[in-house]
Amino acid sequence: MRVEYINPFVESAFSIIKEVLQTDVSRDELYLKKSTQPVLGVAAIVGLAGDVEGRVLIDMSQETAIKVASTMNGEELTSMDELVKATITELANMVTAQAVTKLHELGFKFDLTPPAIITGENMQVSDINVEALIVPLGLPHGKIEINVAIRERLGA
Amino acid sequence: MKTTSDFPSINERVPEGLSTEGRPLRVLIVDDSMFVTKQISQILSSEGFDIVGTAGDGAEGVEKYKELYPDVDLVTMDITMPRMDGVTALEKIIEFDKEANVVMVSALGKQDLVKKSLMLGAKNYIVKPLDRKKVLERVISAIK
């Protein structure tokens with residue numbers, strides 16, 4: 001996978017998380033995963049289809065999701081309720097919208113699906129025909145992984 | 001030349017954020033969360049409301065209301081905030097201006113505080129998560 005696809009997502013996630021949580025964010029080493037990998041517990045997934053196709057996961061533990069949603073709302077939230085899910089969805093929306101604007105400016109044309117939130121324990125994601133690039137972001141609330149598996153459309 | 005009569009309008013609907021005289025309604029947003037402030041401000045601006053001020057806690061909210069008064073039509077008031085909570089701030093605003101239009105914003109599970117606010121004179125309330133329809137409905141019913 002070309003690294004130019006993941007950069008806009010990482011840059012957007014970095015700046016938006018920093019802005020909405022008003023905290024320092026550190027960016028850890030990018031790594032590549034083939035086939036199956038574990039999911040942390042709460043994953044917002046957005047699909048892409050067009051010149052490029054694939055999916056983006058914004059992945060974190062439940063504990064981190066609750067802490068992030070608490071900070072974003074200025075409320076002390078304690079469980080994985082509707083507000084936490086709506087807030088993480090909105091975070092995913094903000095990140096992908098900004099990233100997609102950048103990719104469109106680079107000339108890639110594609111559509112997005114609305115974010116879906118997947119929660120549970122011991123989950124895995126498998127991308128059979130495309131490798132995933134993962135960039136972990138470190139913040140006081142815990143770790144958020146930006147996990148991107150995108151390829152150019154076959155036959156395009 | 002009156003352009004309004006020369007061109008057909010494709011959207012006859014008047015934005016909800018205008019008073020009966022067609023003036024934008026002026027809103028003060030009191031919330032300690034920048035994210036929620038942005039959400040409310042985007043929803044209301046898109047309907048023609050004018051965001052005339054924001055405050056990050058109850059005490060600042062009361063101060064800003066007094067500064068803006070009488071040029072403010074509506075306040076959205078978060079309940080959980082540092083320094084001074086929204087219910088106390090509501091009380092102080094109503095003390096200052098008993099005609100004030102205040103809409104409370106709350107997370108789920110704060111029924112008692114919402115009830116208390118309504119008894120104290122809040123015009124309506126919104127339970128988070130916020131969405132466009134819910135925010136507009138509650139805000140408009142509070143002022144009209």
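These exercises work through a predicted model with chains A and B.

**Exercise 1. The nonpolar core**

Find which residues touch the most other members of the largest nonpolar core, and which element gives the largest share.

Solution.
- Start with the core itself. It holds 80 residues.
- Rank its members by the other members they touch. I58(A), V148(A) and V103(B) touch the most.
- Now sort the core by element. Helix α3 of chain A, residues 82-105, provides the largest share, with nine residues.
- Look closer at V148(A). Setting aside residues up to four places away in sequence, V148(A) touches Y5(A), I6(A), F9(A), V56(A), A132(A) and L133(A).
- A general point fits here. Nonpolar side chains tend to be buried together in soluble globular proteins.

**Exercise 2. The contact between the chains**

Describe the side of chain A that touches chain B: its residue count, its elements and its residue classes.

Solution.
- Count both sides. Eleven residues of chain A are in contact with 13 residues of chain B.
- Assign the chain A side to elements. Those giving two or more residues are α2 (62-73) and α3 of chain A.
- Pick the main contributor. α3(A) gives the most, four residues.
- Classify the chain A side. Four residues are nonpolar, four are polar and three are charged.

**Exercise 3. The sheet of chain B**

Work out the strand order, the edges and the helix packing of the five-stranded sheet in chain B.

Solution.
- Read the order. The sheet is open and runs β2-β1-β3-β4-β5, with parallel pairing.
- Identify the edges. β2 (50-55) and β5 (124-127) of chain B each pair on one side only.
- Add the twist. From one strand to the next, it averages 20 degrees.
- Check one pair. β1 (residues 26-30) and β2 of chain B pair in the parallel sense over five bridges.
- Place a residue in register. R26(B) stands opposite D50(B), which lies in β2(B).
- Add the helix. α5 of chain B, residues 111-120, packs on the sheet and touches β4 (102-106) and β5 of chain B.
- Compare directions. That of α5(B) makes about 175 degrees with that of β4(B).

**Exercise 4. The setting of V25(A)**

Decide whether V25(A) is buried or partly exposed, and list its contacts.

Solution.
- Locate the residue. V25(A) sits in the loop between α1 (3-21) and β1 (26-27) of chain A.
- Count C-beta neighbours. V25(A) has 17 inside 10 Å, so V25(A) counts as partly exposed. A buried residue needs 20 or more.
- List the contacts. Beyond four places in sequence, V25(A) is in contact with F14(A), I17(A), K18(A), L137(A), G138(A) and L139(A).
- Take one separation. V25(A) and A65(A) are 40 residues apart along the chain, and their C-alpha atoms are separated by 15 Å.

Definitions and conventions: Residues numbered from 1 in each chain as written. Chains lettered and ligands numbered in written order. Predicted model: local features only at pLDDT ≥ 70, side-chain atom pairs only at ≥ 80, totals over all residues. Core = buried A, V, L, I, M, F, W, Y, C linked by C-beta atoms within 7 Å. Buried ≥ 20, exposed ≤ 12 C-beta atoms within 10 Å, placed from the backbone. Contact = placed C-beta atoms within 7 Å. Nonpolar A, V, L, I, M, F, W, Y, C, P; charged D, E, K, R; others polar. Pairing = 2+ DSSP bridges. Axes fitted to C-alpha atoms, helices over the stretch in contact; angles between N-to-C directions.
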